[in-house]
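Thanks for coming. I have one model to go through today, and I will take it region by region. Please have a look at it first.

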Amino acid sequence: MPYATSSGTRIFWEEAGTGEPLLLIMGLGYSHEMWHRTLPVVSAHYRTILFDNRGVGKSDVPQGAYSIAQMAADAAVVLDAAGIARARVFGISMGGMIAQEFALNYPERVNRLVLGCTACGGPHSVSAERKVLDILMARATMTPDEGAEAMVPYIYDASTPRERIEEDLAIRRLHYPQATGYMGQVQAILAWSTFDRLAGIRAPTLIIHGETDQLVPPENARILAQHIAGSRLVMLPHASHIFVTDQPEESHREVLAFLS
C-alpha cells in the first residue's frame with residue numbers, strides 16, 4: 001500500500017492505467033473507492049492517481065480542524081510520491097474545492113482542471129436549503145447507514161434507479177468516516193473561499209454540475225464559470241450532486257472530451 005507523508009499525516013494513494021497523468025480528488029467524507037464508476041473510464045486513457053483525503057479511508061485521521069489549503073498540499077505530496085510534476089486534475093464537491101486551491105497554489109502542476117458539483121465557498125457561494133444543511137451536520141450523530149440514507153434524496157436525482165444508488169451505498173459502507181475526520185473536513189469547507197481569487201485560475205477549466213443538485217445548488221457552477229476566464233460550463237439534466245451515478249455516460253463523455 002503506497003503512502004505519502006504530508007506534515008506528519010500519512011495519505012493513502014494508488015494508481016491505475018497508463019498515459020498522461022490524471023489526479024482524482026474526492027469529496028466530503030468519501031474514500032477513493034467512490035470513484036468506482038469513473039476510474040475504469042478514465043484509466044483506459046490516463047495514468048490515474050487517486051487518494052484518500054486526510055480524515056477518511058486509509059489515510060490518517062488527525063485531530064482538530066483541517067484546511068482546504070492543507071488538503072491541497074496533501075494532493076501535491078501524493079503527486080510527488082508518484083513522481084509526477086504536472087497532471088490533469090478532476091475534483092468533485094469538496095474535492096473540487098481542493099482542486100481550485102491546488103490550481104491556485106501550484107499552477108505549474110495543473111494541465112487541465114475539472115470542477116464537478118462544487119462551489120467557491122464563503123458568503124458569495126449559494127448555500128443548500130436549511131433542511132439539507134441540518135441533515136449534513138446531524139450525520140455526525142447518526143449511525144453511518146442512517147446518515148448515508150438521509151442524504152439520498154438530496155444528492156441523487158429522482159429519476160436514478162434505486163439499484164444504482166444501492167451500488168454506491170455498498171461502496172460507502174467499506175469506509176465510513178470517523179466523526180473526527182468528517183468534522184475536520186466540514187470545518188475546512190466552512191473556513192474556505194476562493195471567490196476573490198478565482199481570476200487567478202489559469203488552467204483550462206471544465207465546470208460540470210447536475211441541474212437538480214440540492215447539496216451544492218447549480219447556481220454555484222455559474223458563479224465559477226463567470227469568474228474563471230475561458231472556462232466551459234456543462235449543466236447535466238436529470239442529475240444531482242452525484243452526477244456520475246445519475247448520468248454516468250453523459251458526464252464521463254463530457255469529462256473525457258475536455259481532458260483530451
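Before the loops, a word on naming: helices and strands here are DSSP runs, at least four residues for a helix and at least two for a strand, numbered from the N terminus. Also keep in mind that this is a predicted model.

I will start with a loop residue, His238. His238 sits in the loop between β8, residues 232–236, and α9, residues 243–246. Its phi is positive, about 55°, although His238 is not a glycine. Is His238 buried or exposed? With a relative accessibility of 51%, it counts as exposed, because the cut-off for that class is over 50%.

Ser93 is another non-glycine residue with a positive phi, in this case near 60°. Its place is the loop that runs between β5, residues 87–92, and α3. Ser93 has a relative accessible area of 12%, so it is buried, the limit for buried being under 20%. What does Ser93 touch, once residues up to four places away in sequence are set aside? The list is Gly27, Gly116, Cys117, Thr118 and His241.

Next, the helices. Two packed helices are described by the angle between their axes and the distance between the axes. For α2, residues 68–81, and α3, residues 94–105, the axes come within 8 Å and cross at roughly 75°. That crossing angle makes α2 roughly perpendicular to α3. On the α2 side, the contact is made by Ile68, Ala69, Met71, Ala72, Ala75, Ala76 and Leu79. The α3 side supplies Met94, Met97, Ile98, Glu101, Phe102 and Asn105. By type, the residues of this contact divide into eleven nonpolar, one polar and one charged.

Staying with α2: the helix has 14 residues and reaches 20 Å from its first C-alpha to its last, close to the 20 Å expected at 1.5 Å a residue. Which residues of α2 are buried? They are Ile68, Met71, Ala72, Asp74, Ala75, Ala76, Val78 and Leu79. After α2 comes Gly83, with a positive phi near 75°.

Now the core. The largest nonpolar core has 86 residues, and those with the most contacts inside it are Phe90, Leu113 and Phe243. I will take Leu113 as the example. Leaving out residues up to four places away in sequence, Leu113 touches Val89, Ala99, Ala103, Ile201, Ala203, Pro204, Thr205, Leu206 and Phe258.

Two more residues, each with a partner far along the sequence. Glu14 belongs to strand β2, residues 9–16. Its relative accessibility is 29%, so Glu14 counts as partly exposed. How far apart are Glu14 and Ala81 in space, C-alpha to C-alpha? The distance is 10 Å, with their positions 67 residues apart in sequence. Apart from residues up to four places away in sequence, Glu14 touches Pro2, His32, Thr48, Ile49 and Leu50.

The other one is Ser193, in the loop between α7, residues 179–190, and β7, residues 205–210. Ser193 is partly exposed, at a relative accessible area of 28%. Ser193 and Met97 are 96 residues apart in sequence, and their C-alpha atoms are 8.5 Å apart. With neighbours within four places in sequence left aside, Ser193 is in contact with Cys120, Gly121 and Gly122.

That is what I have; I will take questions now.

Notes
Residues numbered from 1 in each chain as written. Predicted model: local features only at pLDDT ≥ 70, side-chain atom pairs only at ≥ 80, totals over all residues. Heavy atoms only, no water. Core = buried A, V, L, I, M, F, W, Y, C linked by side-chain atoms within 4.5 Å. Buried < 20%, exposed > 50% of the residue type's maximum accessible area, 1.4 Å probe, protein only. Contact = heavy atoms within 4.5 Å. Axes fitted to C-alpha atoms, helices over the stretch in contact; angles between N-to-C directions. Parallel < 35°, antiparallel > 145°, perpendicular 65-115°, else oblique. Nonpolar A, V, L, I, M, F, W, Y, C, P; charged D, E, K, R; others polar. Expected span 1.5 Å × (residues − 1).
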